[in-house]
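Me: Please take a close look at a single part of this model and describe how it sits among its neighbours. Add any charged contacts found elsewhere.

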Amino acid sequence: MLRLVSSYATSAALNIIIPCARTGGAAHFSSSASCLFTKQDPVALSEAIRRIMRTSAQPVALVSAFLPSDLGTGPSNQIHTTTLSSFTTVSLAPPLVAFSIRLPSRMADALRAGAAIPTSHHQSPTPAQIMSKKPHFLIHILSSTQGPLSDYFAKPGAPPYVVGQANQDGHPFDTHPMQLSESVEGQLIPRDAVGTLACSLVYQLDLTSSDLHGTTEFENGCIHTDEVGSMLFLAHIHHVEQGDVPPSVSDVRKPLVYWHQKYHTCNEAL
C-alpha cells in the first residue's frame, strides 16, 4: 500500500492544487477530495532533502584544476583539488558530466581560469566550439581504498599541490600513488582510482539566479537555512584515463560510495 507521509507541515502552510495532465483539472486521490499538497517550511524542506539523499548511495569523486596565476596571465603551477558532493553523467552523446560547487570557491576560480565559458545569461556554445576545446581539468572517480583522499580534499582550505616542489607537508599527492596525466599537461591522476575523466567546461549556471526561481530570495544563499549559493558546471569529457596497475587489480577495483554519512563500496550483485 502506498502512503504519502509528511511531518513537516506548519500551521501557516500554503495549500497548492496540482493540475492533472490527463483530465485538465485538479488531480484527485478520491472522488470527493482534491489533491492538496502542503508547501513545506524552507528549513524543514532542506532537512527532508538531506535525509532522503543520505539513503541514496552517491559516487565519490575529486575535481582538480590549476589555480589561476597571481599575474592573471593563465594557470599557475598549483593544482587545487576538492571533493565533489554532487556529480553525475548526463549524456554519452555528447559525453557530458555535471557537478555543483559552493560559492565563493577557489575551485570555481580554478575551473574558470582554464577556459572562457558561457554563463546562463549568454549564448550556449556550438558543438564545433565544444569539440575544439582542450581538456583543462580532471575528475577522479575514487575506488574503495581512497576514502582518505576524499576526507582530505573535503576540508575547507586544503592546500594546493605545487608541481615540482618536494616535501609538501604530507600532501596526499606526495604520499599516494600518483602518475602524470596524459591528457592535461602537468596534472596528476591517482593510480588506484576507478578512472579519471579529462574535461573542459562548456557551461555554468548560477543556481541562486532569480532567472531560475522568479525571486531574489536565493541570490545570497538561502536566508532560511544559511546555505551558501552554488554554481552548476557542465563539462565535456575528452578522454578517460586509468592508472598503470596490473590488470588483475584493475578488473576488481570497486568504487567508493557515500551512504548514510559513511563510506561504503559495492558487494555482489543482487
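Reply:

**Strand E12 and its partners**

Strand E12 (residues 195-206) is largely enclosed by the rest of the structure, because ten of its twelve residues are buried. Buried stands for under 20% relative accessible area, exposed for over 50%, and partly exposed for values in between, with a 1.4 Å probe and protein chains only. Strands (E, at least two residues) and helices (H or I, at least four) are DSSP runs numbered from the N terminus.

The model is predicted: local features need pLDDT of at least 70 and side-chain atom pairs count only at pLDDT 80 or more, while totals for chains, interfaces and linings use all residues. Residues are numbered from 1 along each chain as its sequence is written, and side-chain values use heavy atoms, leaving out hydrogens and water.

E12 pairs with strand E13 (residues 230-241), antiparallel, through ten bridges; pairing requires that DSSP finds at least two bridges between two strands. Within this pairing, Cys-199 has Ile-237 of E13 as its bridge partner. Strand E8 (residues 137-141) also runs antiparallel to E12, joined to it by five bridges. Here Ile-141 is matched with Gly-195 of E12.

As for charged contacts, the whole structure yields one salt bridge, that is, a side-chain nitrogen of Lys or Arg within 4 Å of a carboxyl oxygen of Asp or Glu. The side chains involved are those of Asp-109 and Arg-112, at 3.7 Å from N to O. Both residues belong to helix H2 (residues 106-114) and are three residues apart, about one turn of the helix. Asp-109 is partly exposed at 41% relative accessible area, and Arg-112 is partly exposed at 29%.
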